[in-house]
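Please look over the model shown here. The report below follows its helices, its core and its backbone geometry.

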Amino acid sequence: MLKQWKIAVCSIIVGAVGFASIALAGSQTVALSVPGMTCSTCPLTVKKALQKVPGVENVTATFEPKEAVVTFNDSKTTLEQLRAATANAGYPSLLKESQ
Ligand SMILES: [Cu+2]
């Protein structure tokens, strides 16, 4: 009885969180793994390349770990365009995680 109540509360919370993420649709943050970076200036190149993509709102690129965290408007650009931008700059990237 108590267990079922907990499950009901959980599904309400999950539903509310799901609704919140729909309300925020438009801005999305992804972490890209960029294994081709070989020194501490590489992230700057990657960051510049990503910032040129229309719709990109914020970029954080780091050498340790080798990744770029990108916030972008998903009605203006796509993950594939972000990956193409880093690849064109010489740094192919892979989706690490969605946040
Ligand atoms: Cu470098």
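## Helix α3 and its surroundings

On the other side of α3 from its buried residues, E80 and N88 are exposed. The model is a predicted one. The buried residues of α3 are L82, A85 and T86. They sit on the same side of the helix, because their arc around the axis is only 95°. Their cover includes β1 (27-33), α2 and β3.

Q81 is also part of helix α3. Is Q81 buried, exposed or partly exposed? It counts as partly exposed, because it has 15 C-beta neighbours inside 10 Å. A residue needs 20 or more such neighbours to be buried, and 12 or fewer to be exposed. Along the chain, Q81 and L50 are 31 residues apart. Their C-alpha atoms are separated by 9.2 Å.

Just after α3 comes G90, with a positive phi of about 100°.

## The overall fold

The protein has three helices and four strands. Read from the N terminus, the order is α-β-α-β-β-α-β. The protein has 99 residues, and 22% of them count as buried. Now take the contacts between residues at least 6 apart in sequence: 62% of these join residues at least 24 apart.

## Helix α2 and its partner

Which residues of α2 are buried? They are P43, V46, A49 and L50. Seen down the helix axis, they fall within an arc of 125°, so they line one face of α2. These buried residues pack against β2, β3 and α3.

The packing of α2 and α3 can be described further. Their axes are 9 Å apart, and the angle between the helices is about 135°. The two helices are therefore oblique to each other. Their crossing is right-handed. From α2, the contact uses V46, A49 and L50; from α3, it uses L82, A85, T86 and N88.

The two helices compare as follows.

| Helix | Buried residues | Arc around the axis |
|---|---|---|
| α2 | P43, V46, A49, L50 | 125° |
| α3 | L82, A85, T86 | 95° |

## The nonpolar core

In soluble globular proteins, nonpolar side chains tend to be buried together. Here, the largest nonpolar core holds 15 residues. Which of them touch the most other members? They are V34, V46, L50, V59, A68, V70 and L82. Two or more core residues come from each of α2 (42-51), β2 (56-62), β3 (67-73) and α3 (79-88).

L82 is worth following through the model. It is one of the buried residues of α3. It also takes part in the contact with α2. Leaving aside residues up to four places away in sequence, L82 touches L32, L50, V53, V70, F72 and T77. L50 appears on the other side of the helix contact, as a residue of α2. L50 is buried too.

## Backbone geometry

Most residues other than glycine have a negative phi, and most peptide bonds are trans. One bond to check is the one between E64 and P65. Which kind of peptide bond joins E64 and P65? The bond is cis, with omega at about -5°. P65 lies in the loop between β2 and β3. Both of these strands give two or more residues to the largest nonpolar core.

Terms used
Residues are numbered from 1 along each chain as its sequence is written. This is a predicted model: local features need pLDDT of at least 70, side-chain atom pairs count only at pLDDT 80 or more; totals for chains, interfaces and linings use all residues. Two residues are in contact if their C-beta atoms, placed from the backbone, lie within 7 Å. A nonpolar core is a set of buried Ala, Val, Leu, Ile, Met, Phe, Trp, Tyr and Cys residues joined through C-beta atoms within 7 Å. The arc is that of the directions from the helix axis to the C-beta atoms. Axes are lines fitted to C-alpha atoms, for helices over the stretch in contact, and angles run from 0 to 180 degrees between N-to-C directions. Angles under 35 degrees count as roughly parallel, over 145 as roughly antiparallel, 65 to 115 as roughly perpendicular and the rest as oblique. A crossing is left-handed if the near helix is turned anticlockwise from the far one by less than a right angle, and right-handed if clockwise.
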